[in-house]
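Good morning, colleagues. Today I should like to present one structure, with attention to its packing and its aromatic side chains.

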Amino acid sequence: MNEYQINEQIKESLKDVYWRIQSNHYLDLIAEIEEQTIKSIGISWGNPNHPFAKYIHVSSNATKDLLKEMLVFQAPHDRIVFSCWENELEKIELLQQFQFQLFRKTYMEKCEISVLLKKLSEITSPQVLLSLGQVLTQPSLAEELFKLLKHSYEQTHLHNPAQIEDWLVWKDKLLNDNPDLELSYIAIDNSCVNAYIFLHPIDEEHYEIGWVGQQGNTDLLPILKKQLIKLQDKGIKSVEFEVDTTDYNAWQFANVLDLNSKIGWHSYIFKNS
């Protein structure tokens with residue numbers, strides 16, 4: 001690639017995946033070249049957490065022929081996933097020339113805690129809550145929690161199935177992601193886990209809302225409100241959310257975050273027929 005010229009417009013259109021090219025972190029890299037100048041690029045990669053999908057992306061100005069070259073299946077892949085912002089109309093129009101189907105919209109939102117608490121002012125206090133740290137000291141509750149986490153993730157990723165793994169693997173995944181053991185809350189009802197929201201510190205003033213889940217139609221907003229109050233008490237100013245339309249748990253936050261008015265990251269799927 002270094003011997004060819006590439007303009008900044010192409011780099012900008014690949015900004016979410018260009019690091020893969022720079023670090024050689026890809027399966028396929030295809031370029032359309034004219035007179036030593038790269039006109040467009042297609043790139044693909046895999047994800048061990050979702051082993052049946054090949055992920056692809058193309059730059060602006062990509063042709064139908066380039067995309068067609070990307071639509072090649074090799075085991076274990078039996079589906080191809082392409083994601084872009086919903087206002088990247090050129091890329092979406094290209095996908096529509098093939099049998100790609102929109103299957104998920106994702107919203108990434110950063111919010112001031114003070115603003116969220118005003119919106120949640122009418123929400124009442126939650127049921128009994130334990131911290132993640134407390135649950136980890138009770139083996140039966142911990143097993144129940146991580147089995148629910150595993151189940152929730154699998155059920156909200158049916159279009160692109162997750163790797164089947166034991167609940168202990170899910171425990172390790174969470175704990176390796178630096179959750180706040182004190183402010184990640186688990187709701188308990190009749191001695192059973194029925195909801196959870198994990199929090200992750202990003203810096204001294206900012207946190208990320210991590211995996212959330214529930215069963216029995218548990219309302220997650222009271223749990224979130226209590227967490228936001230605790231975060232505000234310790235000087236945290238803002239939190240960020242990642243919410244998928246396929247995640248019926250996190251979608252409980254949609255109205256509070258006003259997601260229907262926001263620009264989404266759209267994911268399309270192409271299946272091997």
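Let me begin with a question: over the ring of which residue does the charged end of K64 sit? The answer is F98, and the distance from the ring centre is 5.9 Å. Please keep in mind throughout that this is a predicted model.

A similar arrangement involves K173, which lies over the face of W170 at 4.2 Å from the ring centre. W170 also has an aromatic partner. With Y153 it forms a tilted pair, 5.0 Å centre to centre and with 50° between the planes. Y153 belongs to helix α7, residues 139-155, and W170 to helix α8, residues 167-175, so this pair ties together parts that are 17 residues apart in sequence. Both Y153 and W170 are buried.

A second aromatic pair, F241 with F253, is edge-to-face, at 5.6 Å centre to centre and 70° between the planes. It links distant parts of the chain, since F241 is in strand β11 and F253 is in the loop between β11 and α10, 12 residues apart. Both of these phenylalanines are buried as well. In the whole structure, the search finds 10 aromatic pairs. In addition, F73, F100 and F270 form one aromatic cluster.

I turn now to the nonpolar cores. Which residues have the most contacts inside the largest core? They are F241 and F253, and that core has 32 residues. Several elements supply at least two residues each, among them β6, α5, β10, α9 and β11. The element that gives the most is α9, with 5 residues. Leaving aside residues up to four places away in sequence, F241 touches nine others in the chain's fold, including Y107, M108, C111, L116, I209, L224 and L257. A second, separate core has 19 residues, and Y153 is one of them, together with L145, I186 and V193.

Finally, let us consider the surroundings of strand β11. Is β11 mostly covered or mostly open? It is mostly covered, with 5 of its 7 residues buried. β11 pairs with β6 in the antiparallel sense over 7 bridges, and E112 stands opposite S238 of β11. With β10, the pairing of β11 is parallel and runs over 3 bridges; here E208 has E240 as its bridge partner in β11. Between these two strands the chain passes from β10 through α9 to β11, in a β-α-β crossover that is right-handed.

How values were computed. Residues numbered from 1 in each chain as written. Predicted model: local features only at pLDDT ≥ 70, side-chain atom pairs only at ≥ 80, totals over all residues. Heavy atoms only, no water. Core = buried A, V, L, I, M, F, W, Y, C linked by side-chain atoms within 4.5 Å. Buried < 20%, exposed > 50% of the residue type's maximum accessible area, 1.4 Å probe, protein only. Helix = DSSP H or I, 4+ residues; strand = E, 2+ residues; numbered from the N terminus. Contact = heavy atoms within 4.5 Å. Pairing = 2+ DSSP bridges. Right-handed = clockwise from strand over helix to strand, strands pointing away. Phe/Tyr/Trp six-rings, centres within 6.5 Å; stacked < 30°, edge-to-face > 60°. Lys NZ or Arg CZ within 6 Å of the ring centre and 35° of its normal.
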